[in-house]
Amino acid sequence: MMISSRIKSPLLRMLAGVLSVLYLLPTAALAQEAQQVKEAELKAAFVFNFAVFTEWPADVLQGAAILHLCAFSGNNMQAALSALSDKVVNGHRMRFRPLGISGSASGCHILVLDAQDRERWPQLRKELGASSVLTVADDRAIGTSGAMIALGMDNKRIGFDVDLTAARQAGLNLSSKLLHLARSVQ
């Protein structure tokens, strides 16, 4: 800004202003990218805690079986969810499994969905039926149409809503501690 105030020509002042904005763009882009990474990591931490406070039927998640965390390729949280691999949840080692475009959610214990999954959600919901897959939506449209837990931002804070009926139909038991922290429980 000091440079442009010393330059007399309006054209040169404008050019100096444009150059200073271009100089700041990479910094702004990096800050925005860092914010998105931070949000994804925080939401992944929520997903981890959802797993901690969820009880699957004994025949679905036996003994020390692997707890499979799934998301379709391209999910905004994929890298952060992948980082949860090898974490232990109630005696079960967690493994992240990316699903291909036409992948099946069979064998998943937790399925994380985002906006890219809107078109596939109605069919996927039918395929899942009453199977014991905890569905977590990082998308409002999916969250209001049958996902068990819907993540969302509320005044720059991450919150979540629970569809307890959907969880019970899937044979999942969500802890009262988890339900107490939800923005809403239906």
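In which sense do β6 and strand β7 (residues 149-154) pair, and over how many bridges? Select both strands to find out: β6 and β7 run in the parallel sense, and the pairing extends over two bridges. Keep in mind throughout that you are looking at a predicted model.

**The whole chain**

Before going further, colour the chain by secondary structure. You should see seven helices and ten strands in the protein chain. Of its 186 residues, 38% count as buried. If you draw the contacts with a separation of 6 or more, residues 24 or more positions apart account for 60% of them.

**Stop 1: β6, β7 and β8**

Return to β6 and β7 and show Ala137 as sticks; Ala137 stands opposite Ala150 in β7. Now add β8 to the selection. β7 and β8 pair in the antiparallel sense, this time over six bridges. Pick Met153 and look across to β8, where its bridge partner is Ile158.

Follow the chain around the hairpin of β7 and β8, which has two residues between the strands. Here, select Asn155 and check its backbone: Asn155 takes a positive phi near 55°.

**Stop 2: the phenylalanine cluster**

Stay with β8 and select Phe160, then add Phe46 and Phe50. These three residues form one aromatic cluster. The structure as a whole holds three aromatic pairs. What makes the pair of Phe46 and Phe50 edge-to-face? Their ring centres are 6.2 Å apart and the planes are at 70°, so the pair earns that description. Both residues belong to helix α2 (residues 10-52), where they sit four residues apart, about one turn of the helix.

Now switch on a surface. Phe46 is partly exposed, with a relative accessible area of 25%. Phe50, by contrast, is buried, at a relative accessible area of 1%.

Next, turn to Phe46 and Phe160. This aromatic pair is also edge-to-face, at 6.1 Å centre to centre and with 70° between the planes. Here the pair links distant parts of the chain: Phe46 is in helix α2, Phe160 is in strand β8 (residues 157-162), and they are 114 residues apart. Phe160 counts as buried, with 4% relative accessibility.

**Stop 3: helix α4**

Select residues 121-128, which make up helix α4. Which of its residues are buried? They are Trp121, Leu124 and Leu128. These residues cover an arc of only 60° around the axis, which puts them on the same side of α4. Rotate the view to the other side of α4 and you will find Lys126 and Glu127, which are exposed.

To see what the buried residues of α4 pack against, show β2 (67-72), β5 (110-114), β6 (134-138) and α5 (140-143). That brings β6 from the opening question back into view, as one of these packing partners. Then step off the end of the helix: α4 is followed by Gly129, whose phi is positive, near 50°.

**Stop 4: Arg120, Phe72 and Gly103**

Select Arg120 and Phe72 and show their side chains. The charged end of Arg120 sits over the ring of Phe72, 3.9 Å from its centre.

Keep Phe72 selected and add Gly103, which lies in the loop between β4 and β5. Gly103 and Phe72 are 31 residues apart in sequence, while their C-alpha atoms are 7.6 Å apart in space. On the surface view, Gly103 is partly exposed, with a relative accessible area of 27%.

**Stop 5: the disulfide**

For the last stop, select the cysteines Cys70 and Cys108. How far apart are their sulfur atoms? The S to S distance is 2.1 Å, and a disulfide joins the two residues. The count of disulfides comes to one. This pair links distant parts of the chain: Cys70 is in strand β2, Cys108 is in the loop between β4 (92-99) and β5, and 38 residues separate them.

Look along the bond to judge its handedness. The torsion about the S-S bond of Cys70 and Cys108 is about -100°, so the disulfide is left-handed. With the surface switched on again, you can check that Cys70 is buried, and so is Cys108.

Note on methods
Residues numbered from 1 in each chain as written. Predicted model: local features only at pLDDT ≥ 70, side-chain atom pairs only at ≥ 80, totals over all residues. Heavy atoms only, no water. Buried < 20%, exposed > 50% of the residue type's maximum accessible area, 1.4 Å probe, protein only. Arc of directions from axis to C-beta. Contact = heavy atoms within 4.5 Å. Phe/Tyr/Trp six-rings, centres within 6.5 Å; stacked < 30°, edge-to-face > 60°. Lys NZ or Arg CZ within 6 Å of the ring centre and 35° of its normal. Disulfide = S-S within 2.5 Å. Pairing = 2+ DSSP bridges.
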